[in-house]
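Work through the exercises below with the sequence and the model side by side. Each one sets a task and then gives a solution in steps.

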Amino acid sequence: MNTKNIEYFLKIAELRSFREASRQLHISHQALSQQIKLLESELGVALLERTSVGLTLTEAGKKMYDIFTPAINHLHDAAAEMSDFIQKKKSALKIAYTNVLSYIRIVEPILLYLSQLSQEITLDVHAYNIPEVHDMLMRDDIDLAISVMAKEEEWESTTYSIINNSRQYIIVSDRHPWYQRKTVTTKDILQNKLLVYTNRTPDGEQAFAPSIKAAGRIPVENIDTYLAILCQGNAFGIVGEEYSHREGNFRLLELPPEYQMYIPTICAYKPLHPNLKILQKLQQFRL
């Protein structure tokens with residue numbers, strides 16, 4: 001049954017008048033009558049009849065009125081609630097970025113760009129570890145992810161745009177023997193351990209920069225552990241040029257020519273979203 005025709009019937013039943021119902025529904029008397037005939041034909045019973053006292057409901061009409069009046073009211077309430085939900089989704093964007101990225105150099109320009117696209121949107125922004133940002137987007141806990149993309153397969157179910165390709169560097173603390181160095185060789189790397197985020201790729205820490213032959217790989221789960229081990233001077237890391245420096249003295253050194261690489265920074269979102277038109281504009285954004 002057509003929901004609109006049911007609503008037409010309920011309005012007629014409430015007012016006991018085709019003329020007044022057509023006026024309130026903004027539909028012609030003839031068109032309204034045709035829709036009711038279609039509904040009666042579909043049900044195989046008459047719902048209304050004209051008598052000497054005016055328009056009345058048949059037994060089937062009374063039953064239909066009793067059944068569908070609360071159902072339609074509930075449908076209207078649900079539609080209003082859904083509309084309110086969509087409006088709230090449109091008025092705010094939940095954004096998560098990986099905490100290895102520089103807020104000033106990477107995140108802030110994106111937020112400024114989004115604010116210029118729509119001044120009515122509130123931006124709710126938080127930093128998380130690399131795996132968390134990806135997982136939050138998959139669970140629809142956030143609307144937009146700003147992240148490094150170690151492996152394209154991770155983001156296949158999303159729509160993403162590459163906002164820059166970040167050249168990767170060695171990072172060491174002031175306690176590391178390389179801190180005073182100008183260059184680092186492949187032989188140096190072979191004698192030192194590399195810090196790698198767990199789950200940075202679907203295949204685990206061994207999948208990140210597999211061409212780099214280090215003495216070993218130390219898997220870590222978050223940025224705080226990463227920095228704590230880095231500060232001890234017993235290992236080195238690999239970060240992008242936009243790396244966000246935290247507490248501690250660190251130095252970026254170029255990778256040997258054999259190991260030079262670039263990792264994309266992306267903005268990713270789900271293909272279906274109330275603010276899709278605004279998010280799609282990020283396809284044009286570049287740093």
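**Exercise 1. A salt bridge within one helix**

Task: Decide whether E20 is buried, partly exposed or exposed, and then find which side chain E20 meets in a salt bridge.

Solution. The model is a predicted one, and every value used here is computed from it. At 25% relative accessibility, E20 counts as partly exposed, because the buried class ends under 20% and the exposed class begins over 50%. The side chain of E20 meets that of R23 in a salt bridge, with 2.5 Å from N to O. Both residues belong to helix α2 (residues 18-25), where they are 3 residues apart, about one turn of the helix. R23, with a relative accessible area of 53%, is exposed.

**Exercise 2. Further salt bridges**

Task: State how many salt bridges the structure has, and describe the partners of D141 and R181.

Solution. The count comes to 6 salt bridges. In one of them the side chains of D141 and R139 meet at 2.7 Å, N to O; D141 is partly exposed at 35% relative accessible area, whereas R139 counts as exposed at 52%. In another, R181 and D188 meet through their side chains at 2.8 Å, N to O. Here R181 is partly exposed, with 32% relative accessibility, while D188 is buried, with a relative accessible area of 13%.

**Exercise 3. Aromatic pairs**

Task: Classify the ring pair of Y113 and F285 and that of W178 and F236 as stacked, tilted or edge-to-face, and place each residue in the chain.

Solution. The structure holds 3 aromatic pairs, among them the two considered here. The rings of Y113 and F285 have centres 5.0 Å apart and planes at 45 degrees, so this pair is tilted. The pair links distant parts of the chain, since Y113 is in helix α5 (residues 103-117) and F285 is in the segment after α9 (276-280), 172 residues apart. Y113 and F285 are both buried.

For W178 and F236, the ring centres lie 5.1 Å apart and the planes stand at 45 degrees, so this pair too is tilted. W178 is in the loop between β6 and α7 (186-190) and F236 is in strand β9 (residues 235-240), so the pair ties together parts that are 58 residues apart in sequence. Again, W178 and F236 are both buried.

**Exercise 4. The surroundings of a serine**

Task: Locate S166, decide whether S166 is buried or exposed, and list which residues S166 touches beyond four places away in sequence.

Solution. S166 is found in strand β6 (residues 159-173). Its relative accessibility is 1%, so S166 counts as buried. Leaving aside residues up to four places away in sequence, S166 touches G240, E241, E242, M261, Y262, I263 and T265.

**Exercise 5. Cysteines and a surface patch**

Task: Report how many disulfides a search of the whole structure finds, and name which residues make the nonpolar surface patch of about 230 Å².

Solution. A search of the whole structure finds 0 disulfides. C231 is partly exposed at 29% relative accessible area, whereas C267 is buried at 0%. The patch, nonpolar and about 230 Å² in area, is made by M1, L43 and V45. Of these residues, L43 has its place in helix α3 (residues 29-43) and counts as partly exposed at 33% relative accessibility.

Conventions. Residues are numbered from 1 along each chain as its sequence is written. This is a predicted model: local features need pLDDT of at least 70, side-chain atom pairs count only at pLDDT 80 or more; totals for chains, interfaces and linings use all residues. Side-chain values use heavy atoms; hydrogens and water are left out. Helices (H or I, at least four residues) and strands (E, at least two) are DSSP runs, numbered from the N terminus. Buried means under 20% relative accessible area, exposed over 50%, partly exposed in between (1.4 Å probe, protein chains only). Contact means heavy atoms within 4.5 Å. Rings of Phe, Tyr and Trp (its six-membered ring) pair if their centres lie within 6.5 Å; planes under 30 degrees apart count as stacked, over 60 as edge-to-face and the rest as tilted. Patches are made of residues with over 30% relative accessible area and no salt bridge: like charges are joined within 9 Å, nonpolar side chains (Val, Leu, Ile, Met, Phe, Trp, Tyr) within 5 Å. Accessible areas come from the Shrake-Rupley method with a 1.4 Å probe; for residues, only the protein chains shown count as cover. A salt bridge is a side-chain nitrogen of Lys or Arg within 4 Å of a carboxyl oxygen of Asp or Glu. A disulfide is a pair of cysteine sulfur atoms within 2.5 Å.
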